Amino acid sequence: MIPELSYLTLRVASLLLSLSSFSPCSLTTTLALQSNSNGNVNMALVLQGGPDGTKEGTENALALQGAKDACIWNLPTDMGYQYKTCTLHTLTPGSETLGAYSGLIPTKANENDFMMALGYFPSKAIQTASNANANKLFAIADFEFTPPVGNIVSVMYSEDQIGYLAGLLAGEVAKTRGGMVAVIGGVDQPSVRRQVNGFGSGVRIACTTCKAYGLYAGSFDADSKLSATVREILHDHKVSVVFNAASIFGTMTLKNLTTQDGIYGIGSGSDEWITNWAYGSVPGSEHILTSVQTDYTVMIRSVMQSVLRANLTGGSTVFYGVNPDAALSAIKLAPVHEAGGVFTKDIQKKMENHIVDMAKGNLVTGVDHKSGDSRNSGSSSTSVELLSLTSDSSKGSSGDNESNASRDSASSRKDHSSSSTPKFGRVDCYYRLLTRWMIALVMVQIVMTVMG
């Protein structure tokens with residue numbers, strides 16, 4: 001009896017352990033592509049929809065160049081690549097909407113080993129495709145799945161560094177121009193707060209006597225009435241330099257500020273002097289100091305090279321930020337075009353030194369990634385003095401509507417995070433785990449009672 005009891009008890013205990021080790025609450029099982037030194041890897045880049053296509057300077061153009069740099073047919077043998085050849089496929093939806101991506105990505109996923117898309121709008125389609133193709137690897141740029149999905153890599157710009165770099169420049173320029181600077185944010189959400197609070201932190205480092213203001217427009221879309229309100233507020237506060245962290249709305253407001261008030265602007269996302277001031281042909285272009293570019297060429301090239309080395313793992317978030325070598329920096333300042341008399345050689349040299357210090361970790365933003373709040377502002381969660389909008393329109397869009405508008409800035413999209421567990425929540429998850437433990441314990445009790 002004793003040996004038999006011990007055997008059964010051990011079997012049930014083993015069952016108990018196996019049940020407890022499996023849990024819908026446990027960490028995501030991650031996936032990396034298997035290497036194949038003699039084989040081909042198929043990669044797909046899903047470009048953004050909308051009217052701009054792959055015009056020079058757009059995110060699409062930069063991303064496509066990065067993909068072409070990485071995925072070439074005859075791969076070099078001295079770069080640690082685990083494949084012999086690479087085939088690149090590019091996909092473009094008919095419009096920049098959730099529906100357009102949903103009709104494209106899931107149908108093409110099984111034809112590729114790796115698929116990467118850009119921004120918020122393809123996120124739901126990427127998750128649908130990943131669920132249906134568990135052995136495929138996916139990535140999404142400028143969007144973060146929270147909690148992570150096992151076969152999706154979230155690739156993010158360090159958005160606090162975007163704002164921080166703009167703040168450093170604004171502070172340097174404003175030292176001799178009244179000392180008042182501002183950042184225009186779109187919707188008050190973590191992805192935008194990271195830029196706004198990064199901006200304020202940068203200003204403090206560059207100019208201890210400067211005043212940094214910030215405001216949230218409540219929208220990323222063009223709104224002439226709201227833009228006029230924001231322009232009036234910033235004019236009244238005698239601001240001399242403004243950073244755009246509000247995409248289309250920010251660009252519209254910068255155009256008003258540069259032409260009507262002679263205020264200097266810092267663009268974001270693309271080189272706005274090229275994309276939105278049309279190579280200097282749009283009024284006010286002489287007041288565009290530069291733009292903080294998020295270089296998709298660097299990001300996409302690096303991600304795809306990691307895939308080729310078979311060392312990119314799903315279920316993770318990868319961040320790209322500044323690098324002293326502009327060719328390797330995912331966040332950088334665009335060239336100075338017409339504003340060289342203000343963004344002088346001396347200030348350019350100072351900015352180069354700031355970037356080196358940022359890359360070395362000597363200068364840090366002090367911004368919390370999850371919330372976007374400032375950690376270096378004492379009892380306050382913001383590093384800027386927030387200005388309120390008097391216009392009712394400031395309560396506008398929460399960013400939840402789809403849009404076909406062209407967006408050159410990463411800040412134009414919805415908050416860059418999303419729940420990746422739509423079937424059940426955390427409470428239900430832990431309830432299921434508890435239920436399994438109880439069942440196993442009851443089984444042990446029954447066996448012990450019967451054998452006793």
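Among contacts in the protein chain between residues at least 6 apart in sequence, 75% join residues at least 24 apart. The model from which this value was computed is a predicted one. Its protein chain comprises 452 residues, of which 53% count as buried. Secondary structure in the chain amounts to 13 helices and 15 strands.

Helix H6, spanning residues 159-174, illustrates the interior of the model. Burial extends to 16 of its 16 residues, so H6 is largely enclosed by the rest of the structure. From its first C-alpha to its last, H6 reaches 23 Å, close to the 22 Å expected for its 16 residues at 1.5 Å a residue. 

The packing of H6 against another helix was examined next. Two packed helices are described by the angle between their axes and the distance between the axes. For H6 and helix H7 (residues 190-206), the angle is about 35° and the axes lie 6 Å apart. The crossing of the pair is right-handed. On the H6 side, the residues that meet H7 include Gly163, Ala166, Gly167, Ala170 and Gly171. Residues contributed by H7 include Gly198, Ser201, Gly202 and Ala206. Charged and aromatic residues also take part, among them Glu159, Asp160 and Tyr164 from H6, and Arg194 and Phe199 from H7.

Glu172, also located in H6, counts as buried because its relative accessibility is 7%, under the 20% cut-off. Beyond residues up to four places away in sequence, Glu172 touches Ala206, Ile347, Lys350, Met351 and His354. Of these partners, Ala206 belongs to H7.

Helix H8 (residues 224-236) has one face that can be traced residue by residue. Its 13 residues should span 18 Å at 1.5 Å a residue, and the separation of 18 Å between its end C-alpha atoms agrees with that expectation. Leu226, Ser227, Thr229, Val230, Ile233 and Leu234 are buried in H8. These residues lie on the same side of the helix, because they cover an arc of only 160° around its axis. The spacing is in keeping with a general property: an α-helix has 3.6 residues a turn, so residues three or four places apart point the same way. Ser224, Lys225 and Asp236, by contrast, are exposed on the other side of H8. The cover over the buried residues includes strands E7 (180-185), E8 (211-216) and E9 (241-245), together with helix H9 (247-260).

Both ends of H8 carry local features. At its start, a side-chain oxygen of Asp223 comes to within 3.2 Å of the backbone nitrogen of Lys225. After the helix comes Lys238, which has a positive phi, near 55°.

Further backbone features occur in loops. Most residues other than glycine have a negative phi, and most peptide bonds are trans. Asp142, in the loop between strand E4 (137-141) and strand E5, has a positive phi near 65°. Asp142 counts as buried, since its relative accessibility is 0%. Tyr279 likewise has a positive phi, near 55°, and is placed in the loop between helix H10 (272-275) and strand E11 (288-294). At 44% relative accessibility, Tyr279 counts as partly exposed.

The loop between E5 and E6 contains Pro147, which is joined to Thr146 by a cis peptide bond with omega about -5°. Val149 lies in the loop between E5 (144-145) and E6 (152-157) as well. With a relative accessible area of 9%, Val149 is buried. Its C-alpha atom is separated by 7.0 Å from that of Gly314, although their positions lie 165 residues apart along the chain as a sequence separation.

A pairing over a sequence separation of 17 residues involves Lys108 and Leu91, whose C-alpha atoms are 8.8 Å apart. Lys108 is found in helix H4 (residues 105-108) and, at 29% relative accessibility, counts as partly exposed. Once neighbours within four places in sequence are left aside, Lys108 is in contact with Leu91 and Met115.

Key: Residues are numbered from 1 along each chain as its sequence is written. This is a predicted model: local features need pLDDT of at least 70, side-chain atom pairs count only at pLDDT 80 or more; totals for chains, interfaces and linings use all residues. Side-chain values use heavy atoms; hydrogens and water are left out. Helices (H or I, at least four residues) and strands (E, at least two) are DSSP runs, numbered from the N terminus. The expected span of a helix is 1.5 Å times one less than its number of residues. Buried means under 20% relative accessible area, exposed over 50%, partly exposed in between (1.4 Å probe, protein chains only). The arc is that of the directions from the helix axis to the C-beta atoms. Contact means heavy atoms within 4.5 Å. A polar contact is a pair of N or O atoms within 3.5 Å; within protein, one must be able to donate a hydrogen and the other to accept it, and residues adjacent in sequence count only if both atoms are side-chain atoms. Axes are lines fitted to C-alpha atoms, for helices over the stretch in contact, and angles run from 0 to 180 degrees between N-to-C directions. A crossing is left-handed if the near helix is turned anticlockwise from the far one by less than a right angle, and right-handed if clockwise.
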